[in-house]
Amino acid sequence: MAVHRNAAVGPETAAVPPSPPGAPWPGSSVPPVPPAPPRSRARRLLAPVATLAGVVGAFAYVGAVDPNEPGHYPVCPLLRFTGVYCPGCGGLRSAHAFAHGDLPAALGANALAVVGYGVFAVVAVLWLVRAYRGVPMRLAVPPNWWWGIGAVLALFTLVRNLPFGSALAP
């Protein structure tokens, strides 16, 4: 006996009524979820202000506790076991000098970290302004930029460990 493809075989093949637009799955009668109410300005500013407070607190601590004196901070494990300066070596000394307003010393300890402070400051100001205006912050870095950042870090590490790049060593 041949059964036609469109013929109903049993109750499990009953027609599913059309679902309303925005329903989670076909056939459901759950109404769509209404959009969330807009957040207050204070609520929108909470995350960027808390982030800046944490960064200011960290800089205040590093500014108060000198990393040039031994015993306050752990030693870089890569430098300790291999003698190779990583891209972060000298970062605490750089932050200490930067917190004291000594830009030449900060650049001498870790120039890449000082560039990072600038990039962070620009992103933080942009985040604050957008949060104040109620515009969501979407920071999408394309993959080729990540490769570029990795290449800059690798090149910085290589050059600061070679004799001609000793000016970049902490």
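User: Hi! I'm looking at Leu-158: what does Leu-158 count as in terms of accessibility?

Analyst: Leu-158 counts as partly exposed, because its relative accessibility is 49%. Bear in mind that this is a predicted model.

User: Where is the place of Leu-158?

Analyst: Leu-158 sits in helix α6, which covers residues 143-160.

User: And which residues make a nonpolar surface patch with Leu-158?

Analyst: Leu-155, Leu-162 and Phe-164 join Leu-158 there, and the patch comes to about 420 Å².

User: Where does Leu-162 lie?

Analyst: Leu-162 belongs to the segment after α6. Leu-162 has a relative accessible area of 32%, so it is partly exposed. Its C-alpha atom is 9.8 Å from that of Val-84, although 78 residues separate the two along the chain.

User: Let me zoom out. How many helices and strands does the protein chain have?

Analyst: There are six helices and zero strands. Going along the sequence, the pattern reads α-α-α-α-α-α.

User: How much of the chain is made up of buried residues?

Analyst: Of the 170 residues in the protein chain, 19% are buried. The accessible surface is about 12,500 Å², and carbon and sulfur atoms account for 71% of that area.

User: What about contacts between residues at least 24 apart?

Analyst: Take the contacts between residues at least 6 apart in sequence: 51% of them join residues at least 24 apart.

User: Okay, now the inside. Which residues are in the largest nonpolar core?

Analyst: Nine residues form it: Val-62, Val-65, Tyr-73, Ala-95, Ala-97, Ala-106, Ala-113, Val-114 and Tyr-117.

User: Which helices each supply at least two residues of this core?

Analyst: Those are α3, residues 91-99, and α5, residues 111-133. The largest share comes from α5, with three residues.

User: Let's stay with α3. What are its buried residues?

Analyst: In α3, Gly-91, Ser-94, Ala-95, His-96 and Ala-97 are buried. These residues pack against α1 (41-64), α4 (103-109) and α5.

User: Ser-94 caught my eye. What is its relative accessible area?

Analyst: The value for Ser-94 is 0%, so this residue is buried. Ser-94 is found in helix α3.

User: Which residues does Ser-94 touch, not counting residues up to four places away in sequence?

Analyst: With those neighbours in sequence left out, Ser-94 touches Ala-106, Ala-109, Asn-110, Ala-113, Val-114 and Tyr-117. Ala-106, Ala-113, Val-114 and Tyr-117 are also members of the largest nonpolar core.

User: And what comes just after α3, around Gly-101?

Analyst: There, Gly-101 takes a positive phi of about 80°.

User: Changing topic: how many disulfides does a search of the whole structure find?

Analyst: The search turns up zero disulfides.

User: Why is there no bond between Cys-86 and Cys-89?

Analyst: The closest cysteine sulfur to that of Cys-86 is the one in Cys-89, and at 3.6 Å it is too far for a bond. The cut-off for a disulfide is sulfur atoms within 2.5 Å.

User: Which cysteine has the sulfur closest to that of Cys-89?

Analyst: For Cys-89 the closest cysteine sulfur is in Cys-76, at 3.6 Å, which is again too far for a bond.

User: Are these two buried or exposed, Cys-86 and Cys-89?

Analyst: Cys-86 is buried, given its relative accessible area of 17%. Cys-89 is buried too, with a value of 5%.

User: Last topic, the loop between α5 and α6. Which residues can you tell me about there?

Analyst: Met-137 is in that loop, and Val-135 is found there as well. Met-137 has 25% relative accessibility, so it counts as partly exposed. Val-135 is partly exposed too, with a relative accessible area of 36%.

User: What does Met-137 touch, not counting residues up to four places away in sequence?

Analyst: Met-137 touches Val-123, Leu-126, Trp-127 and Arg-130. From Met-137 to Val-123, the C-alpha to C-alpha distance is 9.9 Å, and they are 14 residues apart in sequence.

User: And how far apart in space are Val-135 and Arg-44?

Analyst: They are 9.4 Å apart, C-alpha to C-alpha, with a sequence separation of 91 residues.

User: Thanks, that helps!

Conventions. Residues are numbered from 1 along each chain as its sequence is written. This is a predicted model: local features need pLDDT of at least 70, side-chain atom pairs count only at pLDDT 80 or more; totals for chains, interfaces and linings use all residues. Side-chain values use heavy atoms; hydrogens and water are left out. A nonpolar core is a set of buried Ala, Val, Leu, Ile, Met, Phe, Trp, Tyr and Cys residues joined through side-chain atoms within 4.5 Å. Buried means under 20% relative accessible area, exposed over 50%, partly exposed in between (1.4 Å probe, protein chains only). Helices (H or I, at least four residues) and strands (E, at least two) are DSSP runs, numbered from the N terminus. Patches are made of residues with over 30% relative accessible area and no salt bridge: like charges are joined within 9 Å, nonpolar side chains (Val, Leu, Ile, Met, Phe, Trp, Tyr) within 5 Å. Accessible areas come from the Shrake-Rupley method with a 1.4 Å probe; for residues, only the protein chains shown count as cover. A salt bridge is a side-chain nitrogen of Lys or Arg within 4 Å of a carboxyl oxygen of Asp or Glu. Contact means heavy atoms within 4.5 Å.
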